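Q: Please take a close look at the nonpolar interior of this protein, and set it within the fold as a whole.

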Amino acid sequence: MDIQKIRILLVEDNMVDAAVTRRVLGHNLINDLITAASGKEALTILQGLGKADLPQLILLDINLPDISGIDFLRRIKNDKDLHEIPVVILTMSNEDQDIQKSYDLGASNYLVKPISNEALMLVIEKLFYS
């Protein structure tokens, strides 16, 4: 597999989960990781980036302190400049309505925490290396 640099936006309010994800990505990918602890912070980051600097992947928790991950996903997928960015949901929720709503809104994949390194890397490999 030819490793390419992937710019990733991680939207995660739990510092432990963010550190674990960062460690998995750091060990397995050459990447450029941007982190946001809330949906509002992530939207501000995205609005401040030029088209060439946008992330190629968003890893999104559903349970965020301000706007929900579902609302964040809806906003991303309704934005003409952002809608093509793949979004992978990383969440504790295994509720059928959350899973269905995420896919209905355009999520590329849905992973329930705790997430194995292998599961996350398999999803990323399918998105970028197949």
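A: Contact here means heavy atoms within 4.5 Å. On that basis Ile58, not counting residues up to four places away in sequence, touches Leu9, Val11, Leu46, Phe72, Ile76, Ile85, Pro86, Val87 and Val88. The model is a predicted one, in which local features need pLDDT of at least 70 and side-chain atom pairs count only at pLDDT 80 or more, while totals for chains, interfaces and linings use all residues. Residues are numbered from 1 along each chain as its sequence is written, and side-chain values use heavy atoms, with hydrogens and water left out.

Ile58 belongs to the largest nonpolar core, which has 24 residues, and together with Leu60 and Phe72 it touches the most other members. A nonpolar core is a set of buried Ala, Val, Leu, Ile, Met, Phe, Trp, Tyr and Cys residues joined through side-chain atoms within 4.5 Å; buried means under 20% relative accessible area, exposed over 50%, and partly exposed in between, with a 1.4 Å probe and protein chains only. Two or more residues of this core come from each of strand S1 (6-11), strand S2 (31-36), helix H2 (39-48), strand S3 (57-60), helix H3 (69-77) and strand S4 (87-91). The largest share, four residues, is given by H3. Separate from this core is a second one of 16 residues, which includes Ile6, Val24, Leu57 and Leu90.

As for the fold around these cores, the protein has five helices and five strands, where helices (H or I, at least four residues) and strands (E, at least two) are DSSP runs numbered from the N terminus. Along the sequence they follow the pattern β-α-β-α-β-α-β-α-β-α. Among contacts between residues at least 6 apart in sequence, 67% join residues at least 24 apart. Buried residues make up 42% of the 130 residues.

In overall dimensions, the C-alpha atoms fill a box of roughly 35 × 35 × 30 Å along the principal axes. The radius of gyration, taken over C-alpha atoms, is compared with a globule rule of 2.2 Å times the number of residues to the power 0.38; the protein has 13 Å, which agrees with the value near 14 Å that a compact globule of 130 residues would have.

Outside the buried set, Arg23 lies in helix H1 (residues 15-28), and because its relative accessibility is 47%, Arg23 counts as partly exposed. From C-alpha to C-alpha, Arg23 and Ala42 are 20 Å apart in space, with their positions 19 residues apart in sequence numbering.
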